[in-house]
Amino acid sequence: MSTPETTTQETETETTGHGDISVGVTTAGTSGDATASATRITPGNALRPEDIALAVSRGTAKPTEDVAEFALRLGDDALILAQRLGHWISRAPELEEDIALGNIALDQLGHARSFLSYAGGLNGKSEDELAYFRSEDEFRSVELFEQPNGDFAVTIARQFVVSYYQFELYRRLTQSADATLAGIAAKAVKEVDYHRDHSAQWVLRLALGTDESRRKMIHGFKVIWPYVDELFADDDLTARLAAAGAAVEPSSLRADFDRLTGEVLAEAELEVPQVPAALGGGRRGKHSEHLGYMLAEMQVLARQHPGASW
Amino acid sequence: MSPETPAGNVWPIWEVFVRSSRGLSHVHAGSLHAPDAAMALRNARDLYTRRNEGVSIWVVPADAIASSDPDAKGAFFESPQGKDYRHATYYTKSEGVKHL
C-alpha cells in the first residue's frame with residue numbers, strides 16, 4: 001500500500017482561500033504572549049475538515065481504497081453518535097450538561113467531517129454526499145453508536161464505552177503510515193480524552209449517588225454492554241491495514257480498554273455486566289432497527305432540497 | 001470545597017474566572033450550576049472556553065465570595081474622587097523614558 005504524498009504539515013498550512021476564519025488562523029500561530037489580549041480571541045490553529053477537503057480536491061491527499069473504507073467506518077461512527085447526542089440539546093438534566101453534551105456532539109461531528117472528507121477523496125465525493133445520500137446498508141458504523149439515547153445514564157454508559165474505545169484507537173492512529181489519518185487522529189485524540197473524563201465523572205457520580213441514580217447507571221451499562229464486542233472485531237480490511245502500518249487491529253485495543261474502563265468501574269463499585277454480545281454486523285452494513293429511523297430524520301432536509309445551503 | 005446545596009435539589013452556583021493567556025490575570029467570566037468543584041471546572045470549560053478563550057480556569061462557590069454593598073457606593077467608592085494627588089500626574093517625565 002502506498003502512502004499519500006502529503007504530510008500533516010502541508011494540510012495544516014494550506015489554510016488560505018477558503019473562509020474568512022483562515023485570516024485569524026494564520027495569525028494565531030505567530031501570536032505569542034507579546035500580543036496577548038484579554039478580549040481578542042482567535043479560533044486557534046488546528047487541522048480542520050476544510051483543510052482535508054481542500055487537500056483532497058487539490059490531489060495532495062488521496063486515500064487508498066482500504067484507507068478510504070476505514071475512514072468511512074470511523075466517520076460513520078462519529079456522525080451517527082453526533083446525531084444521537086444532538087438530540088439531547090434542550091433536553092439534558094441541566095443547562096450546563098446540555099452544553100457539555102452538545103460540545104461532545106460537535107467534536108464528534110468534526111471528526112466525522114474530517115474522516116468523510118478524506119474517504120470521499122477516493123471517488124470525488126463530498127462529505128455531504130456521503131452523509132446524506134447513502135442508504136442504511138451503505139453505512140459502516142458499528143451498532144453501539146446508533147443505540148437510542150435512553151435516559152441520561154444510558155447515554156453516559158454509551159459515551160463512556162465510546163470514549164475509551166476511541167481514545168485507544170486514535171492514540172494508535174497518530175502513528176499511522178497514512179499521514180492524513182494520523183493528522184485527524186492527532187486532533188481527535190485530545191478531544192476524546194476530554195470525553196473520557198466527562199463520562200467517567202458521571203459514571204462515578206451516578207453509580208455512587210442515590211439509590212435511584214445507581215440503579216439507572218447499572219441499567220445503562222446492561223443495555224449498552226452487548227454492543228461492546230463488535231468494537232474490537234477484526235476483519236480482512238483491518239488485517240490488511242495493520243500489515244501496511246496504516247491502522248491497528250481492533251482486537252489489539254481490547255486489553256487497554258478493559259483495564260482502563262475496569263479501573264473506573266471498580267471505583268464506581270460496578271461490575272462489568274455479564275450479558276450476551278449482540279450479533280453485530282455494522283461494518284458490513286447490517287444495522288440494528290434504530291439506524292433507519294435516525295437516517296430518515298438526518299437526511300430528509302438534504303434530500304428534499306438537494307444543494308440547499310443556509 | 002463544596003458549598004451547601006440549596007433546598008429543592010438545585011445545583012449550587014459557582015463563579016468562573018478565566019485566564020486568557022500566560023501573564024494575564026484571571027478575569028470573571030460568569031457563573032454556572034454544578035454539583036461539586038470537579039464538575040464546576042468541567043462545566044466552566046464547556047461554557048466559557050469553547051471558543052479558545054482560556055488557558056486556566058478558577059471556580060469559586062458563589063456563596064464564598066463576600067461582596068461590597070451596592071447601597072454603600074458613596075462611602076465606599078466616591079470618596080477618592082477629586083483627590084488628584086493620589087495619581088502620579090505631577091511628575092515631569094525624565095528624558096529618554098519611553099513607557100510611562
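**Exercise 1. In what order do the elements of chain A run from the N terminus on?**

Solution. Bear in mind that the structure is a predicted model. Starting at the N terminus, the elements of chain A run α-α-α-α-α-α-α-α-α-α-α-α-α-α. The count agrees with this reading, since the secondary structure of chain A comes to 14 helices and zero strands.

**Exercise 2. Find what percentage of chain A is buried, and what percentage of its contacts between residues at least 6 apart in sequence join residues at least 24 apart.**

Solution. Begin with burial: of the 310 residues in chain A, 41% are buried. Then turn to the contacts in chain A between residues at least 6 apart in sequence, of which 75% join residues at least 24 apart.

**Exercise 3. Identify the buried residues of helix 3 of chain A, and describe the residue just after this helix.**

Solution. Helix 3 of chain A covers residues 49-58, and its buried residues are A:Pro49, A:Asp51, A:Ile52, A:Ala53, A:Ala55 and A:Val56. Moving on along the chain, one reaches A:Gly59 just after helix 3, where phi is positive, at about 80°.

**Exercise 4. Describe the contact of chain A with chain B, with attention to the side that chain A supplies.**

Solution. As a first step, note that 15 residues from chain A and 21 residues from chain B take part in the contact. On the side of chain A that touches chain B, helix 5 (95-120) and helix 9 (179-207) of chain A each supply at least two residues. The largest share of this side, four residues, belongs to helix 5 of chain A. Finally, sorting the residues of this side of chain A by character gives six nonpolar, five polar and four charged.

Key:
Residues numbered from 1 in each chain as written. Chains lettered and ligands numbered in written order. Predicted model: local features only at pLDDT ≥ 70, side-chain atom pairs only at ≥ 80, totals over all residues. Buried ≥ 20, exposed ≤ 12 C-beta atoms within 10 Å, placed from the backbone. Contact = placed C-beta atoms within 7 Å. Nonpolar A, V, L, I, M, F, W, Y, C, P; charged D, E, K, R; others polar.
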